[in-house]
Amino acid sequence: MLTWKGNERVLDIGTGRGLLMIGAAKRLTTGKSSGIDIWNKKDLSNDTYEAALRNAELEGVENKVEIRNADALDIPFADNNFDYVLSNLCIHNIGSQRGRSVVCREIIRVLKPGVPH
Ligand SMILES: C[S@@+](CC[C@H](N)C(=O)[O-])C[C@H]1O[C@@H](n2cnc3c(N)ncnc32)[C@H](O)[C@@H]1O
């Protein structure tokens, strides 16, 4: 449902083995798709940085992704940085309401202002 120009900066929070990060990267030309995760083995089997990188390589998008070991509660990117922030089956794994609230504020912080056209 998103409009893609190909130059977007995209962040996938809780990328796991890279599903949404890679899906976004396939829609990019000059853009970059970043994925962050803490690789919690309880949330996903074979949940590793290496698995995400390997899947990006298998899908031929390794040059369009950037994978970082980082917590959604403290996203290591500057304010107003991303056109799109994606996340699938991650935020509900954050135990406290306060924690989920912090993540939502972090998402707002790193998103560029305005609605993409
Ligand atoms: C059920 S998996 C989903 C993975 C992927 N989004 C997908 O759709 O295949 C949930 C992911 O969220 C990650 N996760 C949980 N808490 C996190 C946090 N505080 N910061 C970053 N990632 C987190 C887990 O490590 C796991 O990789």
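This passage looks at the ligand site and then at the cysteines of a predicted model. Local features were taken at pLDDT of at least 70 and side-chain atom pairs at pLDDT 80 or more, while totals for chains, interfaces and linings use all residues. Residues are numbered from 1 along each chain as its sequence is written, and side-chain values rest on heavy atoms, with hydrogens and water left out.

The shell around the ligand holds 19 residues, of which G14, D37, N40, D47 and N88 come nearest; a residue belongs to this shell if one of its heavy atoms lies within 4 Å of the ligand. By class, the shell has nine nonpolar, six polar and four charged residues, with Asp, Glu, Lys and Arg counted as charged, Ala, Val, Leu, Ile, Met, Phe, Trp, Tyr, Cys and Pro as nonpolar, and the others, Gly among them, as polar.

Three aspartates make polar contacts, pairs of N or O atoms within 3.5 Å. Ligand oxygen atoms lie 2.6 Å from a side-chain N or O atom of D37 and 2.7 Å from a polar side-chain atom of D47. For D71, the partner is a ligand nitrogen, at 2.8 Å. The protein covers 91% of the 590 Å² of accessible area that the ligand has on its own (Shrake-Rupley method, 1.4 Å probe).

Turning to the cysteines, the structure holds zero disulfides, a disulfide being a pair of cysteine sulfur atoms within 2.5 Å. The sulfur of C90 has its closest cysteine sulfur in C104, but at 11 Å this is too far for a bond. C90 is buried at 15% relative accessible area (buried: under 20%; exposed: over 50%; partly exposed: in between; 1.4 Å probe, protein chains only), whereas C104 is partly exposed at 39%.

Technical notes. A polar contact is a pair of N or O atoms within 3.5 Å; within protein, one must be able to donate a hydrogen and the other to accept it, and residues adjacent in sequence count only if both atoms are side-chain atoms.
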